[in-house]
Structures are given as structure tokens and as C-alpha cells.
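Colleague: Please take me through this model, one question at a time.

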Amino acid sequence: MLDIKITKTTTPKEKPADESKLGFGKKFTDHMFLMDYSADQGWHDPRIVPYAPFNLDPACVIFHYAQELFEGMKAYRTADNQIQLFRPECNAKRMQDSSDRMCVPQVPVEDFIQAVKTLVEVDKDWVPHSEGTSLYIRPFVFATDVGMGVHASLNYTFCIICAPSGAYYAEGIDPVRIYVEDEFIRAAPGLTGFTKCGGNYAASIKAGDLAAKKGFAQVLWLDGVEKKYVEEVGAMNIFFMIDQKVYTAACVGTVLPGVTRRSCIELLRDWGYEVIEGKLAIEDIMKAGHEGRLNEVFGTGTAAVVSPVKELSWKDDQVFIGDGKIGPVTQKLYDTLTGIQWGRLPDSKGWVVPVCKG
Ligand code: COI
């Protein structure tokens with residue numbers, strides 16, 4: 001159990017007055033959690049302090065060799081004013097897996113959860129009230145050694161910040177257009193695709209920018225070897241329903257093991273759908289689309305929740321999914337998942353972790 005020292009701000013910020021204009025990850029709460037690591041002391045000095053900039057040496061390893069990783073999760077306010085988390089142990093374990101790959105010391109699962117819960121409780125008034133809004137929580141760890149040698153740092157900081165947020169996409173729950181990336185790749189076997197390290201996202205920005213200029217919300221990444229099989233989308237995992245069977249890429253090292261992905265697979269299987277985690281060629285998806293067999297396509301992610309896709313564009317080919325509106329299975333997943341997260345539906349899976357009264 002961590003002994004977290006709490007220092008509250010004496011100058012609280014103004015909370016967003018209009019929750020319909022929150023956007024995603026733009027404004028941050030009054031406090032942040034910090035904990036340091038050194039080779040001789042291990043993780044130590046857990047504390048909650050007023051949100052403030054870091055004072056870091058320009059030669060810090062993080063700035064040069066990007067030894068860092070992060071997580072994304074949310075706190076929800078229910079109608080009866082409980083604040084709750086969704087499967088925080090999945091994020092804690094995933095951060096340990098990312099840490100292992102990036103040679104970063106692991107934060108124990110129970111310490112991670114305690115840190116998140118304590119910070120959310122301190123900043124509970126920042127958890128927004130309106131439909132579809134939540135407190136986005138961003139835990140991250142970064143290397144703080146000073147020096148230019150390329151090797152694992154001996155010192156790290158674990159930090160958690162929070163941002164009251166609305167929908168990730170400007171489209172909200174409206175279906176998005178996706179560009180299938182045929183030149184750049186996101187991951188390859190043996191690399192860091194399964195981790196939430198910033199480098200994965202940095203490497204994706206160029207393709208995302210080019211696709212955005214063409215009016216697409218996100219890029220769909222193909223495998224890094226043959227550029228043949230679908231893997232994931234910029235900020236989401238992705239699912240394809242063909243002939244009423246649901247396909248998604250397997251998490252075999254190049255794909256992020258999403259918490260929402262895993263929850264949707266469990267729900268779909270409970271509902272009797274066959275879910276196939278494996279290789280699915282983009283060519284077969286486009287063919288199914290042209291033959292009217294591509295029933296629904298949707299992305300899943302903590303930030304994006306469940307996001308319907310209305311169009312896929314690959315090379316010179318386009319397929320339009322359904323009638324451009326959210327499909328029934330996507331809608332049911334969205335309603336069920338958000339129902340559990342916001343406490344509108346019973347949590348029969350034991351996914352919700354209460355934090356405090358709001
Ligand atoms: C999340 O869904 O929480 C993520 O971390 C994706 C991020 C790129 C917004």
C-alpha cells in the first residue's frame with residue numbers, strides 16, 4: 001500500500017462552464033500524481049501535488065531516446081453521483097507489459113490502481129456531469145537520467161494527469177471515414193506495436209496528417225511485412241463484421257491489446273456472435289464490401305469508445321458500409337458498454353470499480 005502524501009492547490013482553476021465544448025484532453029485538473037524511481041530506492045515518494053510543469057534537464061533520456069510509455073483510462077460519474085473506473089487492473093497490467101518491453105521498471109498493479117483512485121478522488125469535482133463526458137486519465141512513465149548514452153535509464157518518474165473530456169472524434173458517435181494506409185507502417189514483428197509507447201504514435205502522425213488532408217478521420221494500418229492484413233486504426237482497434245461473423249486482428253505483438261477491444265469481444269461472444277481473432281486480408285474486406293457482405297465496421301478504444309466506420313478507402317478502391325449510419329451491433333455494443341461505464345446498466349461482468357461518492 002502506498003503512503004501517498006497529498007498537497008492540495010491553494011489556487012484552484014476554474015472548471016469548464018460549458019461541458020458541451022470540452023473536446024478531448026484539452027484542459028487539465030488541479031492536481032497530478034507523481035512517484036519517482038531510482039535504482040537504489042525503487043519506486044518511492046508517491047505524492048499528489050498541484051498540477052504544474054516539470055523542471056527537466058535538456059539532456060534527459062526521454063527527450064532523446066523516448067524511453068517512456070503511457071496508459072489511457074476514464075472515470076465516469078453515474079446518475080446517482082458515484083465516481084467509478086472501468087477495468088483499471090487491465091490498464092495496470094498493460095502498463096507492466098509496455099514497461100517490460102521498454103526496459104522501464106514496472107509499477108505494481110495495486111499501486112497503480114491506488115494512485116489512480118486517490119487522484120480521481122482528490123479531483124472528483126472535475127469529473128464532468130453531462131451525457132457522454134468523463135474524466136480522461138493519463139498515467140505515464142518516463143526516463144529521467146541525464147546523459148547521451150543509449151541504455152536503460154536508472155531513474156524514472158511515474159505521473160498521472162486527468163482531463164475532463166467529451167468525445168474523441170469531432171464526429172462523436174457519427175460514423176467516420178477511414179483511409180487504409182498503403183505506404184507507411186505502424187508496427188512489425190519484434191518491434192513495440194503491442195505497447196503504449198509514445199514512439200508508436202509519433203511514427204503514425206505523418207500518415208494521419210496526410211489522411212486528414214483528404215478528409216479521413218483515421219488511418220487503418222496494415223501489417224508491416226506484407227501490407228496485406230488489417231491490424232489497427234490510429235487510436236483504436238478495429239472490427240469487421242462479414243456475413244454476421246466478427247473479425248479483428250489477433251494481439252500477437254504488433255497490435256495494441258485494447259481494454260475496450262477485449263470487453264467488446266467478451267460481450268459479442270456472450271451474445272452468441274462468432275468472433276475470430278486472426279489475420280484478415282484487406283482485399284477480402286473490400287471484396288466483401290462490394291458484394292454487400294460487409295455488415296458493419298467499428299473501432300474500439302478508451303478515448304474513442306465504440307466508433308462506427310462508414311467508409312474504407314484503399315488504393316483506388318472505396319467501400320461504403322451499410323447506409324452510412326451506425327449498424328445495429330455497433331449500436332448495441334456502444335449502448336451496453338457505455339451503459340455499464342456510466343452505471344445505467346447492471347455491471348454483471350464485475351468490470352466497474354467504485355472510487356468515491358461524487
Ligand atoms: C486511448 O484510447 O485512451 C488512447 O490512449 C488513444 C490515444 C491515442 C487517444
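Modeller: One definition comes first: Ala, Val, Leu, Ile, Met, Phe, Trp, Tyr, Cys and Pro count as nonpolar, Asp, Glu, Lys and Arg as charged, and the others, Gly among them, as polar. The model is predicted, so local features need pLDDT of at least 70 and side-chain atom pairs pLDDT 80 or more, while totals for chains, interfaces and linings use all residues. Residues are numbered from 1 along each chain as its sequence is written, and side-chain values use heavy atoms, without hydrogens and water.

Colleague: How does the lining of the second largest pocket divide by class?

Modeller: A pocket is an open set of points on a 1 Å grid over the protein atoms alone, with protein on both sides within 12 Å along at least five of seven lines, and lining residues have an atom within 4 Å of a point. The second largest pocket is lined by 24 residues, with G132, G166, A167, G172 and Y334 nearest its centre. By class, these lining residues are 11 nonpolar, nine polar and four charged.

Colleague: Which element gives the largest share of that lining?

Modeller: Elements are DSSP runs numbered from the N terminus, helices being H or I of at least four residues and strands E of at least two. Two elements, α8 (328-341) and β16 (305-314), give two or more residues to the lining of the second largest pocket. The largest share, three residues, comes from β16.

Colleague: What is the volume of the largest pocket?

Modeller: A volume is the space filled by probe spheres set on the grid points, which are joined across faces, edges and corners. Thirty residues line the largest pocket, and Y168, Y201, G234, A235 and M236 are the closest to its centre. Their classes are 14 nonpolar, 11 polar and five charged. The volume of the largest pocket is about 530 Å³.

Colleague: Which space does the ligand take?

Modeller: A molecule sits in a pocket or cavity if more than half of its atoms lie within 2 Å of its grid points. The residues around the ligand, those with a heavy atom within 4 Å of it, include F70, G72, Y168, T302 and A303. By that rule, the ligand takes the space of the largest pocket.

Colleague: How far is an oxygen atom of the ligand from an N or O atom in the side chain of Y136?

Modeller: For the ligand, a polar contact is a pair of N or O atoms within 3.5 Å. A polar side-chain atom of R138 lies 3.5 Å from a ligand oxygen, and one of K196 lies 2.8 Å from a ligand oxygen. For the side chain of Y136, the distance is 2.5 Å.

Colleague: Which element gives the most to the lining of the largest cavity?

Modeller: A cavity is a set of grid points where a 1.4 Å probe fits but cannot get out. The structure holds one cavity of 30 Å³ or more, and the largest cavity has a volume of about 110 Å³. Its 13 lining residues include Y76, F86, T260, T302 and Q341, which lie nearest its centre. With three residues, the element that gives the most is β5.

How values were computed
Polar contact = N/O pair within 3.5 Å; in protein donor to acceptor, adjacent residues only side chain to side chain.
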